[in-house]
Every structure is written in structure tokens, then in C-alpha cells.
Amino acid sequence: MARIDTNRWSVEDSVDLYGVRSWGKDFFSVNDRGHLCVGDQATSSSIDVKDLVDEVVERGIDAPLLVRFSDLLRARIDHIHGAFESAIGEYEYQGSFRGVYPIKVNQNRFLVEDLVSHGGRYHYGLEAGSKPELLAVMSLLSDDEALVICNGYKDAEYIETALLASRIGPKVILVVEKPSELPHIVSISRRLGIRPRIGIRTRLSTRGAGHWEASGGDRSKFGLGAREILEAVDYLAQEEMTDCFELLHFHLGSQISSIRNVKDALREGGWLYVNLVKKGIPLRYFDVGGGLGVDYDGSQTNFPSSMNYSLQEYANDIVGGMMEVCDPAGVAHPILVTESGRATVAHHALLVVEVLGVGELGVGQLPDKPPEDAPTVLGHLFDTFHGLTSKNLQEAYHDAQQYRDDCLALFNLGLMSLDHRVLAEDIFWAICRRSQQLVRDLGRTPPELEGIEKALADTFFCNFSVFQSLPDSWAINQLFPVLPIHRLEEKPERLGILADITCDSDGKIDSFISPRDVRPVLELHDQRSEEGPYYLGIALVGAYQEILGDLHNLFGDTNTVHVASDGKGGYDIEHVVAGDTVRECLRYVGYHRNDLVAGVRKAAEKAIQAGRLTRKDARHLMQIYERGLAGYTYLERE
Ligand SMILES: Cc1ncc(COP(=O)(O)O)c(C=O)c1O
């Protein structure tokens, strides 16, 4: 069993250990009962997550459970808008700010409705990156002042729909992603008699950094280069539509971890804006796209899962940076638009998973010395174990590795018995455990021994699918904060990794946040079934995860609850959305309920006739089968 060495423990120790103050600063805390609490601390309303989960489970809605905290979503909108308002006030910027939410980041209807309703006071807009997203956006926004930004590649139908949408409310801006879209927009708008609002996405030479670096730069997939923009300007002049070109857009990529990249992009994009205005283009909007980061690991560095700047610094740099280029050129300050997706919605969702069991390295009782008939090399392993001290740690570990390999070689040649092989493995792991303890006492880990913690970690099997609920953890090694949602007043005595219930060896989490580096293990508690379920929370999962998640092994969407604080220390459950049933997931891959049931019924009939199944068992089988189809895709309680 992998244990950590701590003697005293308090809630504060857990807060430090799991970095709650760093990644969760405005929203996450731990109460005296050792429960994780979530809420907008500015309004001192916070929700006890364990109490909430217990209540929801009592109603029959089991984990895995995605909890959406509406207060956090609303607070993030306020924070982002507030940061720009504050920068605009401080710098005496003459333009205004318009936030736009790209629904690709999380299209969930309740979430987007909530965002539109709360953001209405700021005329928050929406961004569509495709035709289906535009159709969704059209039904949601009715504010004439809000922007609808239409990005993504466009066919004639997309363009026509967007132009017609501009007749029913918001300011719809068609952003040209590639030169060939422009003639289509011009001809369709002529046919419909609707003057389009046109934006052009520019392909900046400046690049972001990290996973989404390729979204920017000269060779990026989207946008027009400087020459293409000039050609577009000439074309619009020729078509007498120069006045339609209202917005200049760029997007550097998601999760920009270094403010340097934001500053560089702003300078290049800003000068482009100024040059175009000087050429007589009546641009009004400067759209800096998305990319505002989320500090997933709380390290405040330019590490890919973090960011080395604050929201206020981001807003200041955009507002101030634009003034720096506009003022000397005598160009009016534009309306600033951001398309922050991740930074708007990541915080609001927490995934709660239940630990099903713990797999640990099974090591038998060790004798003091090797059996008389054991090969000499087994004796060497025993000697290494008994002679292990902090002085010879590295050498002893190397020796142990070699003796273990030698034992395996002897076994493979038929020269070592199974009993002796098992003893060799037990003694090797005992050496690793003792080395781990000595490393801790030493306070530093020799490079050769860095893998020991991971090798000795317990495996906490959890009822969820990484592929469905945390695809970025699997696909791009994105880190998310993971911590127990209760028992935080107790010492976490084990070191573990998480494994999901898919039959895929990649379905695991073995990288965890740490202020200095990525950790291969996480401190967790003993799972004591007599004390009820042990729940873990995976935080900051509100952006991209749900929609990028897939049906690997046919594990579907999890149950979801939307909660909001009632302002009196309690909460209201606003919506409960049941997760996918097995039947829904099977239908998605072409299996229909009636065909499935008919197929199994036919097979059961044949079995009855062949005397392999009684009528009673056949009825039971059909009942179980139908119940399975209607049930949750994850493991269910007895
Ligand atoms: C054009 C555009 N705008 C906005 C976004 C949202 O980016 P983020 O979630 O990093 O804010 C994206 C996503 O990559 C995008 O492609």
C-alpha cells in the first residue's frame, strides 16, 4: 500500500496540498467539516459540494455527476466585463467593450441560455463557428445591441442564413475566413437585398505558444494574409461595399499562457487596423478572438496548463495596446470584442466521480532470510534489502533492479521456481518502499529514483470515462485539479493514480497539478466502504470537455445538475438532466431498441427449444435486457 508520511492534519493542510487557493481562488474553498465548497466568494454564498451530492444521490441521480454552478458562470461574465470596463475607465479609452461567447466551447442549451440572460446587461453576444451553431445562436439571442460573430468556413446556405438572421435582431457579422467567401457574401447579399456587415479574419505572423500554437502564424489554417486583405479591400471598393467592412478579427489560439504573445499579436493586429482605417475603411470593431487562459494548475506561470498574467492585465494590455497604436495615428478607438470561451465557462463545472475500489501492489509476508534452496541471486536481493540506508540509496536501487532482472531471466530459463520468483518480486517492492521512505526523509529525490512514487502508487478505480468526460486529459495531457470533495480534515494516507472503467489502458489520470511541476501521483484517502462512498472532484472542466468527449465503450453523457446559491447559505437545484441511457448510446451507432430486443428474444426462443433455457429464465433474461437498455451507461448501485 502506498502511504504518505504525515502525522498531524487539518483542513488548511488539505487546502495547501491540493492547491485550492491557487487554482480555485475566487470560487473554491474547504469548510470546517472538510467538505469542498463552491461559490462566488465575492457574494459569500458557497455551496457544500458533498451535501449537494448526497442530496442528489438520494433522489436517484448517481455519480458520475457533472455539477454546473450557475453563480460561477455569472461571476466569470461579470469578471471579464468588469476587467475591460475598469481598463477603459482607467485609460480613458473612448471605445467600448463587447464580450462574445463562442458556443463551440460548450453548447449546452441551459448554459448558453443562462449566459445570454445574465450577459444581457452587457449586451453579451455569441459566436458561431459553423452552420449548426448559427442555427442554435439564432434561436437564443434577441438583443439588437448584441453581436453575432459568424466564423468558420461558409457555404451559400450559411451565408444566406446569417444575412437573414440580421433581420431578426442582433448585429450579425460575417467574418471572412478565406478569400473565396467574399464574392459569395457579396452576391448573396445583393440577391437578398441585405447589406452585410463584414469582418475579415487576419492571419497574423505572430504566433501563440503551446498546444494551439498552429492556430496563429503565417501558415495557419484560417484567415487572410496581408496581401489578401489588400485584395479584399480593392474588391469591396469595386463592388461599392467598402462601408460593409466593419470588423477586423484575429485569433491566436486557445489557452495563451504567456502575456508576451498577447502583446505581440495586439501590436501587429493594431497596426493592421490603423493602416486599414487610414486607407478609408470605416472599421468599428477590433476582435481579438479567444485565447484568454485558465490557470488550471494555479502556478501562474507560462506552463501550458497555466497563464503568467491576470485577467486585469489581459484587459489592460488590450485596451492600452490599442490606444498606443490608434492615438499617434489619430484613429478613433474601436469597439473591442473578445471571444473568450475557455475563460468564461471552464470554472463553472465540476465532475464528481465515485471511487469503486483501490488496486494496490500485493506483497506477501517477507521471511528474514531466503529459503535454503533459493538461487544465490535471491540471497543478494535480501542482502540489499537489509543493507539499505540513505547513504547507499541509489546504488542499492540499481542493484535491486539488476537482481530482479536476473531472477526473471532464471525463471524464464526454467532455473527458478514460481515460489522463488514471487519472493524475488516481493523483496524488490519492499526495497522500493523503503527507498521511497528514505527519499522522503532526505527531502530530495535522486533523479534515478524519481519513478518510484509512480511505480508504487495505488490505482483508484473510478466510475467514469476519461474519454467521455476529460478528453483533453487523454489527448493533450491537459491538467485538471483533482481532489476529494470530503474528508479533507483527514490525512490522505495513500498515493494513487486514477483509472476509469473503460477497457483502455489510456483511460487513466496519472498527471496531477503541483505548484512546481507535474506530479505523477495524488494523495488520497483509504476507501472505507463502511463510511459510504468516497467521492473525488475534478474541477475546471466546463470548457471543451463535454463536446469533445466521445462514446468510447459506449459510456455516454453523465448525469448533470445545475445549481445556484439561494443567497441564504443554501442552494436551488435549477435543472436535473439525466445522462444518456444505454439505449440512446446504442442508437447512436445504429442499434435500435426494437431490433435488439427482437434479436435476443429470437435467440432465447431457440435456446428454450434446444432445452438450454427455461421459460422462467427466458423471461428473467428479457427483463434484465430491457432494464439494461433503459439504464445509465456507467456502473449502477445495487
Ligand atoms: C475563432 C475562435 N474564437 C474563439 C475561440 C475560443 O478560444 P478560447 O476558448 O481559448 O477563448 C476559438 C477557439 O479556439 C476560435 O477558434
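Which residue in β12 is the bridge partner of Phe97? Keep that in mind as we walk through this predicted model; we will reach the spot at the barrel.

**Stop 1: the whole chain**

Start with the full protein chain in cartoon view. Its C-alpha trace spans about 100 × 75 × 55 Å along the principal axes. The chain holds 22 helices and 21 strands. Of its 638 residues, 46% are buried. If you like contact maps, count the contacts between residues at least 6 apart in sequence: 75% of them join residues at least 24 apart.

**Stop 2: the open sheet**

Now select residues 28-30, 36-40 and 45-48. The first range is β1 and the last is β3, while residues 36-40 make up β2. Together these three strands form an open sheet, ordered β1-β2-β3, with antiparallel pairing. Because β1 and β3 each have a single partner strand, they stand at the edges, and one side of each is left without a neighbour in the sheet. On average, neighbouring strands here are turned by 35 degrees against each other, direction ignored.

Zoom in on the β1 and β2 pair, which is antiparallel and held over three bridges. Show Phe28 and you will find Val38 of β2 standing opposite. Keep Val38 selected and display its contacts beyond four places in sequence: Phe27, Phe28, Ser46, Ile47, Val49, Phe69, Leu72 and Leu350.

**Stop 3: helices on the sheet**

Add residues 49-58, which are helix α3. This helix lies across β2 and β3 and runs at about 55 degrees to β3. Then add helix α4, residues 70-91. Helix α4 packs on the sheet too, touching β2 and β3, and its direction makes about 45 degrees with that of β2.

Pick out Val49, which lies in helix α3. Is Val49 buried or exposed? Within 10 Å there are 26 other C-beta atoms, so Val49 is buried; the cut-off for that label is 20 or more. Leaving out neighbours within four places in sequence, Val49 is in contact with His35, Leu36, Cys37, Val38, Leu350, Ile485 and Gly537. For a distance to check in your viewer, try Val49 to Val352: they are 303 residues apart in sequence, yet 9.2 Å apart in space from C-alpha to C-alpha.

**Stop 4: the barrel**

Next, select the eight strands from β5 to β12. They form a closed barrel, running β5-β6-β7-β8-β9-β10-β11-β12 with parallel pairing. Neighbouring strands in the barrel are turned by 25 degrees against each other on average, direction ignored.

Look at where β5 (residues 97-102) meets β12 (residues 335-338): the two run parallel and three bridges join them. Here is the reply to the opening question: the bridge partner of Phe97 in β12 is Leu336. Arg98 stands opposite Val337 of β12. On to the pair of β12 with β11 (residues 285-287), which is also parallel, over three bridges. In that pair, Tyr285 has Ile335 of β12 as its bridge partner.

Turn to residues 156-165, helix α7, which lies across β7 (147-150) and β8 (171-176) and runs at about 155 degrees to β8. In strand β8, select Leu174. With 28 other C-beta atoms within 10 Å, Leu174 is buried. Beyond four places in sequence, its contacts are Cys150, Ile159, Ala162, Ile185, Pro196, Arg197, Ile198 and Gly199. The C-alpha atoms of Leu174 and Phe245 are 9.6 Å apart, although 71 residues separate the two in sequence.

**Stop 5: the nonpolar cores**

Several residues you have already clicked on return here. The largest nonpolar core has 150 residues, and those with the most contacts inside it are Val38, Val67, Val148, Cys150, Leu174 and Val352. Helix α4 gives the largest share of this core, eight residues. Apart from it, select Ala400, Ile427, Cys432 and Ile452, which are among the 17 residues of another core.

**Stop 6: the ligand**

Finish by centring the view on the ligand. How many residues surround it? There are 16, and the closest are Ser254, Gly290, Glu339, Gly341 and Arg342. Colour this shell by class and you should see four nonpolar, nine polar and three charged residues.

Definitions and conventions
Residues are numbered from 1 along each chain as its sequence is written. This is a predicted model: local features need pLDDT of at least 70, side-chain atom pairs count only at pLDDT 80 or more; totals for chains, interfaces and linings use all residues. A residue is near a molecule or strand if its C-beta atom, placed from the backbone, lies within 6 Å of it. Ala, Val, Leu, Ile, Met, Phe, Trp, Tyr, Cys and Pro count as nonpolar, Asp, Glu, Lys and Arg as charged, and the others, Gly among them, as polar. A nonpolar core is a set of buried Ala, Val, Leu, Ile, Met, Phe, Trp, Tyr and Cys residues joined through C-beta atoms within 7 Å. A residue is buried if 20 or more other C-beta atoms lie within 10 Å of its own, exposed if 12 or fewer, and partly exposed in between; C-beta atoms are placed from the backbone. Helices (H or I, at least four residues) and strands (E, at least two) are DSSP runs, numbered from the N terminus. Two residues are in contact if their C-beta atoms, placed from the backbone, lie within 7 Å. Two strands pair if DSSP finds at least two bridges between them. Axes are lines fitted to C-alpha atoms, for helices over the stretch in contact, and angles run from 0 to 180 degrees between N-to-C directions.
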